[in-house]
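User: Give me a close look at how the side chains pack and pair in this one. Start with burial, and walk me through it in one go.

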Amino acid sequence: MSQHIAGLPASGPPTLPRLRAWLKGRGPLLLVYYVLATAFGLALVTADPTMPDGVVAIGEAHFVPVTAAGAIGSPPPEAMPADAAAVPLPYRCKGVPEPVIGCSALFRLTFRHDPREDEPWSVYLPILSGRITLWVNGVLLADSRNLQSDVVVNQSVPLIQPIPRPLLADGENRIDIRMEAWSQSGGFLDTVLVGADRLLRPTYVEREWMMGTLPRLLVAWQAALCLSLLIVWIGHRDEPIHLVMSLILGLGVIQGLPLFLAGPNGLEWPLRVINFAGLWQGALLPVVMARLVGQRLAVPVRLLLVVPATVVLAFLVATLDPARLQPWFALLWLALVIPWASTMLGWSGWIALSAAIRRNHAAAQLVLGGMIVIILMVAHDILSVIGVLDLRVPSMTRYMAPLLMTVISATLMWRFAQALGEVSRFNDVLRQEVAAVEAELRASFAREQAQTRAVALESERLRLTRDLHDGLAGQLVSIVAQCELPQRDYRRIGASARQALDDLRLVVASLDDVGNDLGMMLAQFHDRIGPQLQAQGIELDWQMTPLPDVEGLRSEHALTLFRILQEAVTNAVRHSGCRRVTIVMAPAPGNGPESREGGPVGRAVRIVVRDEGCGIPGGTGATRAGKGLNNMRQRAAALGADLAMLTGPDGTRIVIDLPFRLPGF
């Protein structure tokens with residue numbers, strides 16, 4: 001079975017290959033871990049408390065039950081009652097017919113003092129549970145309530161009390177110990193030691209650290225683990241096991257709070273209720289164990305909480321009438337709580353054992369080491385209670401829950417650390433892959449950018465070639481033909497040359513990069529057309545308001561619009577006889593958000609070229625066959641714009657409505 005727990009499957013290859021796989025796996029480490037856990041548990045439960053030499057060990061006392069309430073603070077009688085019985089120490093005081101407390105009794109011990117002893121003497125009780133008052137020769141010396149809370153079940157502490165020299169009589173001296181224990185298991189009194197303080201003090205310090213300081217440190221340790229797991233759950237809420245484990249640890253911290261309280265504080269009743277926090281821990285333990293190994297319990301969690309809720313409710317009811325109901329609560333504790341707690345612990349152990357053997361689950365294999373120590377502790381306490389083992393070994397009950405919770409929490413932290421390691425390794429791999437893909441994308445983008453630049457340059461070259469061929473080349477051919485005529489008309493030749501020069505300037509102006517700014521592009525046209533009109537004695541009235549954005553504006557669009565405007569201005573100068581040309585640029589009528597999204601009817605900018613001439617004879621209809629107007633309309637259609645001409649006695653207007661987005665050529 002140890003091979004299965006250490007990592008070998010239940011069925012597989014022959015023994016020798018399986019043994020080799022076991023040796024190469026984590027089997028040897030787990031075997032060492034289980035051996036160390038077993039050795040640690042045995043060392044705990046078989047530890048023999050050291051007894052100092054040179055002191056008086058009192059191994060017998062006279063014992064008498066006390067039923068009177070509040071007797072623990074009363075001075076002991078000079079003579080013991082007739083029904084007092086001699087009992088050996090250590091001795092466990094069982095419950096007596098007192099409904100509120102589990103044990104109320106008086107112990108009387110005697111020892112002899114040698115008057116030749118000059119050193120200070122002390123009384124040392126290595127282990128006691130419950131509240132006691134210590135009297136020497138009828139004088140009260142100590143009350144354990146000042147050292148511990150008497151409401152903590154199974155809390156065992158040592159006690160040492162110096163004896164004032166005047167109280168010590170030569171020869172026989174009397175020690176009286178009154179005890180009250182709030183527990184169904186009663187109280188416990190260890191062998192009482194009397195002797196020189198220097199001999200007893202080192203043993204007391206060692207025992208006090210183990211039975212007083214260590215439990216408080218374990219509570220603080222549980223609080224730290226509780227907070228750590230809660231933070232892990234807040235950052236990773238997909239794992240509810242961290243929240244459940246944090247809740248269990250928090251219950252352990254609440255249950256340990258009375259360890260930090262001593263003396264009367266008025267909180268005895270709430271602190272006694274806190275003792276039942278261990279039941280809620282036991283109810284949630286199978287849930288944590290199942291989650292730890294990746295299983296789901298067949299039993300709903302709310303059913304597991306029925307027993308703790310029933311016990312707490314029964315305790316609250318018993319406090320209403322302790323005289324009648326306390327015996328029934330004791331019966332409920334024996335008949336229900338102890339079997340239920342054993343079932344929860346056994347069930348949790350079976351879940352871990354099954355996962356470790358059948359599924360080779362690493363977390364379950366780690367928890368089994370803690371379960372081994374817990375089983376040894378439980379066996380020790382059971383055998384101590386029934387008298388098989390020496391009662392002088394302290395009860396291990398208080399250490400079981402913190403130990404098991406620490407092992408499970410450490411396993412969860414280990415698993416969380418493994419997950420972080422996997423995430424870190426995955427991030428490293430992902431970072432390398434992303435870097436490789438990024439480098440590839442950059443190279444691809446550079447190639448595409450270079451290709452796009454080459455395509456754009458080629459397109460611009462072809463467009464420029466086409467524009468020069470269609471415009472300037474034809475005009476130059478016409479000039480050459482005119483120059484070769486026998487009778488040359490130099491004025492006509494000059495006009496053709498100027499027209500060719502103007503067209504060349506339009507082409508050059510259209511090459512300027514103005515981004516997507518229509519206003520900047522029109523300003524270039526203003527800088528070119530203004531001096532031309534001024535040279536002919538014609539005034540230019542340029543009116544521009546802030547214009548909306550027009551998307552897709554490129555150099556070919558600029559040249560097309562320049563030619564439309566150039567044609568309109570040229571016609572006004574040639575045919576209208578005006579002395580002023582007005583160009584108005586403004587948002588188109590009806591421009592707004594609805595027109596932007598409204599399809600073809602939406603227009604962004606309206607440009608109007610207006611003269612103050614005599615108009616065109618015959619009105620607009622007379623120009624339908626005109627070549628210049630047809631060219632302007634074709635160019636406007638290439639821009640996706642609308643072009644209209646309005647003429648009358650007061651002059652002619654060319655109206656151009658540009659869209660919000662210009663089409664590609």
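Analyst: One cut-off first: a residue is buried here if its relative accessible area is under 20%, exposed if that area is over 50%, and partly exposed in between. Keep in mind, too, that this is a predicted model.

By that yardstick, cysteine 578 counts as buried, because its relative accessible area is 5%. Cysteine 226 makes the cut as well: its value is 17%, so it is buried too. As for sulfur pairing, the structure has zero disulfides.

Let's stay around cysteine 578 for a moment. Helix α15 covers residues 555-575, 21 residues in total. From its first C-alpha to its last it reaches 30 Å, close to the 30 Å expected at 1.5 Å a residue. Of those 21 residues, 15 are buried, so the rest of the structure largely encloses α15. Just after α15 comes glycine 577, whose phi is positive, at about 70°.

Move along to arginine 580 and you get a salt bridge: its side chain meets that of glutamate 539, with 3.4 Å from N to O. This one links distant parts of the chain, as arginine 580 sits in strand β14 (residues 580-587) and glutamate 539 in strand β13 (residues 539-544), 41 residues apart. Neither partner makes it under the burial cut-off: arginine 580 has a relative accessible area of 31%, so it is partly exposed, and glutamate 539, at 43%, is partly exposed too.

That bridge belongs to a count of 14 salt bridges in the structure. Take the one between arginine 108 and aspartate 176, whose side chains come to 2.6 Å, N to O. Arginine 108 is in strand β5 (residues 103-113) and aspartate 176 in strand β10 (residues 171-181), so this pair ties together parts that are 68 residues apart in sequence. Here both ends are tucked away: arginine 108 is buried because its relative accessible area is 9%, and aspartate 176 is buried with a value of 0%. The two also take part in a network of salt bridges that links Glu78, Arg108, Arg174 and Asp176.

Another bridge to look at joins arginine 131 and aspartate 143, with their closest N and O atoms 2.8 Å apart. Arginine 131 lies in strand β7 (residues 131-136) and aspartate 143 in strand β8 (residues 139-143), so the parts being tied together are 12 residues apart in sequence. Arginine 131 has a relative accessible area of 13%, so you can call it buried.

Now for the rings. The count comes to eight aromatic pairs. Among them, phenylalanine 63 and tyrosine 91 make a tilted pair, 5.2 Å centre to centre with 55° between the planes. Phenylalanine 63 belongs to strand β2 (residues 60-65) and tyrosine 91 to strand β4 (residues 91-93), so the contact ties together parts that are 28 residues apart in sequence. Phenylalanine 63 is buried, with a relative accessible area of 9%, whereas tyrosine 91 is partly exposed at 22%.

The pair of tyrosine 124 and tyrosine 204 has its planes at 90° and its ring centres 6.2 Å apart, so it is edge-to-face. It joins a strand to a helix: tyrosine 124 lies in strand β6 (residues 121-129) and tyrosine 204 in helix α4 (residues 197-235), so the tied parts are 80 residues apart in sequence. Both tyrosine 124 and tyrosine 204 are buried. Going back to phenylalanine 63, there is also an aromatic cluster, made up of Phe63, Tyr91 and Phe107.

A charge gets in on the ring contacts as well. Arginine 237 lies over the face of tryptophan 233, at 4.9 Å from the ring centre.

Last, a word on the annotation. An unreviewed UniProt entry places "transmembrane region" features at several spans, including residues 28-47, 217-235 and 330-357. In the model, residues 28-47 are 90% helix and 0% strand, with the end C-alpha atoms 28 Å apart. Residues 330-357 come out as 100% helix and 0% strand, and their end C-alpha atoms lie 39 Å apart.

Key. Residues numbered from 1 in each chain as written. Heavy atoms only, no water. Disulfide = S-S within 2.5 Å. Buried < 20%, exposed > 50% of the residue type's maximum accessible area, 1.4 Å probe, protein only. UniProt positions renumbered as here; feature names shortened; annotations may be inferred. Helix = DSSP H or I, 4+ residues; strand = E, 2+ residues; numbered from the N terminus. Phe/Tyr/Trp six-rings, centres within 6.5 Å; stacked < 30°, edge-to-face > 60°. Lys NZ or Arg CZ within 6 Å of the ring centre and 35° of its normal. Salt bridge = Lys/Arg side-chain N within 4 Å of Asp/Glu carboxyl O. Expected span 1.5 Å × (residues − 1).
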